[in-house]
Amino acid sequence: MGLLGGGKGGCFVGGVRSLIRRKQVDSAHSNPSSSAATSHHQLAKALTVPHLIAIGVGSTIGAGVYILVGTVAREHSGPSLTFSFLIAGIAAALSAFCYAELASRCPSAGSAYHYSYICVGEGVAWLIGWALILEYTIGGSAVARGISPNLATLFGGPNSLPAFLARHTIPGLDVVVDPCAAILVFVVTGLLCVGIKESTMVQGFVTTANVCAMIFIIVAGGYLGFKTGWPGYELPVGYFPYGVDGMLAGASTVFFAFIGFDSVASTAEEVKNPQHDLPMGIGFALSICCSLYMLVSAVIVGLVPYYAMDPDTPISSAFASHGIKWAAYIITVGACTALCSTLMGSLLPQPRILMAMARDGLLPSFFSDVNKHTQVPVKSTVTTGLLAGTLAFFMDVEQLSGMVSVGTLLAFTMVAISVLILRYVPPDEVPLPSSFQVAIDSVSQRLSESSSSTDINVENTEVPVVSFDDATPLLDGVPVTHPHVEKAAVRFSFFIDQRRKVAGWTIMFTCIGVFMLTSAASILSLPGPIRFTLCGIGGLFLLSGLIVLTCIDQDDARHKFGHAGGFTCPFVPLLPIACILINSYLLINIGGATWMRVSVWLALGVCVYAFYGRTHSSLQNAVYVPATHVDEIYQSSASLAY
């Protein structure tokens, strides 16, 4: 019997264990025999660093920056808006570092869902995947609904689009339909079905047009600024009219302008050299976006005093105030191209997340099919396009756009936690299908025979540690009380086992401390004593966790986790903990109405998992074995096949 499900614990214990079961890294090194069996699921290896930069920049720089500049400057930052973008970029870089390590170690489709499944467990991974589905669907629909007003501006005014593209109100239903949005979604969906390389090239052209428009803003605006003496900076209130708190508040607002780079990680399986290209693509994309944001904001807040900015069209009105009204057309083209590239960036990851979840058995196999000609998950892509196009046609999803941020921040938080788990308590077991039982028994018998006749070199022996409970067998038919395990345990088992337990509990209490601290700091309605007490306890947990994780050694097994030779996240544990803290704070401060909507979606996801995903999971009948013996088991299985 496998280690999961059934047994004396009954259905409840089996259900709980299903939530924490973890899958294996999809790796040719760790699973060389699986490539042939899954070849019909393989995506095209076609992407390089320039493609990834196009995806990252195109998904990140949306039309929001053309509006955020005015709104944040007026209400929060003033002339210090550039520093707000810098701080937000640094905060986003924390998540980018975590993504870069996991993407290079685990280069498979699924992004944060995939990493959570490997490092945390099936239950959390399901919720992350389910939240990302909502994020990309609503995000794509919201972006599509924003394109038609900008196109209308190019044609001369709000009602200048042709009748078959213009918005119409359905009599009696008070529903405003947007044919232009739906058509654009379907066009992008068809393009994504052609092939990943072809669609990325188109996105690259569109993104280039957007970047050129931003460069025009920087160059032309810089010329005007030097010519007029930068009136926006010559203010008696200085650079920080709202204080440092206002600058930080502005940073938390513009942080959401950086949340597109995770689309790069979703294409990991389609990258030619993921260990090198993925970190480079994520890093360059984020650097380009942060640089453009800072330069645009520095120019615009220098042209017009922050209190005089137009919150709706800050950049166009800034140029118009200096007599360059024709610049509005270039800026509008930039906004349209930004929206189109963001639309492609929103529709690209979701089919791959659906495919990854279907591969794992959590969704029907329909979504895992990959077209043999285009090497694209066409069925998942078409399903995504139909759903997003329908929403864009019938619904004004502006009120739901806040739900996009919840999915992204949950993913960012879980990726940072996964990095901590990878470094300190990496999975020491590997799930194998029950079809490997004969090979497992063969290796078990061989280990028993060898341990009784030869001395084991303790210094070079990995000590298997079972994830669930001490009574669980390491290999079916081989109890924990093997002679070689006992001999190793005499000298090293206690220390290693305790170190892993201490690290695991420390990570958990650190996360609890972050939640208590951010919640108490954000909920101003709490009575003062209770609020300060919770802040103190949370801060104590957080600081203690940071100190403990800094003092204890990281697990040596991290070097063998997944693919080697990729990017390594620096400053662990400080950097992931800071990432968890920032993202948790932003999550807590999302409005209650948004959380109510997200909760309904997540509750629906729990029902889907309980009635379908849990029982159809590919790990339902898996047998867990020590990672140190998995290669030997695969070799034994291959020899038995002949």
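Helices here are DSSP runs of H or I with at least four residues, numbered from the N terminus. The notes below concern a predicted model.

1. Overall make-up. The chain contains 23 helices and 4 strands. Of its 642 residues, 54% are buried. Among contacts with a separation of 6 or more, 86% join residues that lie 24 or more positions apart. The accessible surface of the chain is about 27100 Å², and carbon and sulfur atoms contribute 67% of that surface.

2. Confidence. The mean pLDDT of the chain is 85, with 87% of the residues at 70 or more. In residues 1–9 the pLDDT stays under 50, and the model gives this stretch 17 contacts beyond four places in sequence. Residues 27–40 also have a pLDDT below 50, with 14 contacts in the model beyond near neighbours in sequence. Any reading of these two stretches should take their pLDDT values into account.

3. Helix H9. This helix covers residues 196–228. At 1.5 Å a residue, its 33 residues should span 48 Å, and the end C-alpha atoms are 47 Å apart, so the expected and modelled values agree. Gly229 follows H9 and has a positive phi, near 85°.

4. Backbone in the loop between H20 and H21. Most residues other than glycine have a negative phi, and most peptide bonds are trans. Against that background, two features of this loop deserve inspection. Phe571 is not a glycine, yet its phi is positive at about 55°. Phe571 belongs to the loop between H20 and H21, and its relative accessibility is 64%, so Phe571 counts as exposed. The peptide bond from Val572 to Pro573 is cis, with omega near 15°. Pro573 sits in the loop between helix H20 (528–551) and helix H21 (574–588).

5. Backbone at Ser111. Is this residue buried or exposed? Ser111 is buried, at 2% relative accessibility. Ser111 also has a positive phi of about 55°, although it is not a glycine. Its place is in the loop between helix H4 (81–105) and helix H5 (112–119).

6. Arg352. This arginine lies in helix H15 (residues 349–359). The relative accessibility of Arg352 is 2%, under the 20% cut-off, and therefore Arg352 counts as buried. Leaving aside residues up to four places away in sequence, Arg352 touches Leu43, Ala109, Gly110, Ile196, Ser266, Glu270, Val376 and Pro377.

7. The salt bridge of Glu101 and Arg423. The structure holds 12 salt bridges. In one of them, the closest N and O atoms of Glu101 and Arg423 are 3.0 Å apart. Glu101 belongs to helix H4 and Arg423 to helix H17 (residues 402–424), so the pair ties together parts that are 322 residues apart in sequence. Both partners are buried: Glu101 has a relative accessibility of 0%, and Arg423 has one of 6%.

8. The salt bridge of Glu632 and Arg446. Here the closest N and O atoms are 3.1 Å apart. The pair links distant parts of the chain, with Glu632 in helix H23 (residues 630–641) and Arg446 in helix H18 (residues 437–453), 186 residues apart. Glu632 is partly exposed, at a relative accessible area of 26%. Arg446 is partly exposed as well, with a value of 37%.

9. The salt bridge of Asp369 and Lys379. The N to O distance between these side chains is 2.9 Å. Asp369 lies in the loop between H15 and helix H16 (378–394), while Lys379 lies in H16, so the pair ties together parts that are 10 residues apart in sequence. Asp369 is partly exposed at 30% relative accessibility, and Lys379 is partly exposed with a relative accessible area of 37%.

10. A salt-bridge network. Which residues are linked in a network of salt bridges? The members are Asp428, Arg499, Arg500 and Asp555.

11. A nonpolar surface patch. Phe83, Leu86, Ile90, Tyr239 and Phe240 form a nonpolar patch on the surface, and together these residues have about 470 Å² of accessible area. One of them, Phe83, is found in helix H4. The relative accessible area of Phe83 is 42%, so Phe83 is partly exposed. Helix H4 thus appears twice in this note: Phe83 of the patch is found in H4, and Glu101, the partner of Arg423, lies in H4.

Terms used. Residues numbered from 1 in each chain as written. Predicted model: local features only at pLDDT ≥ 70, side-chain atom pairs only at ≥ 80, totals over all residues. Heavy atoms only, no water. Buried < 20%, exposed > 50% of the residue type's maximum accessible area, 1.4 Å probe, protein only. pLDDT = per-residue confidence, 0-100. Contact = heavy atoms within 4.5 Å. Expected span 1.5 Å × (residues − 1). Patch = residues over 30% accessible without salt bridge, like charges linked within 9 Å, V, L, I, M, F, W, Y side chains within 5 Å. Areas by Shrake-Rupley, 256 points an atom, 1.4 Å probe, with all protein chains shown as cover. Salt bridge = Lys/Arg side-chain N within 4 Å of Asp/Glu carboxyl O.
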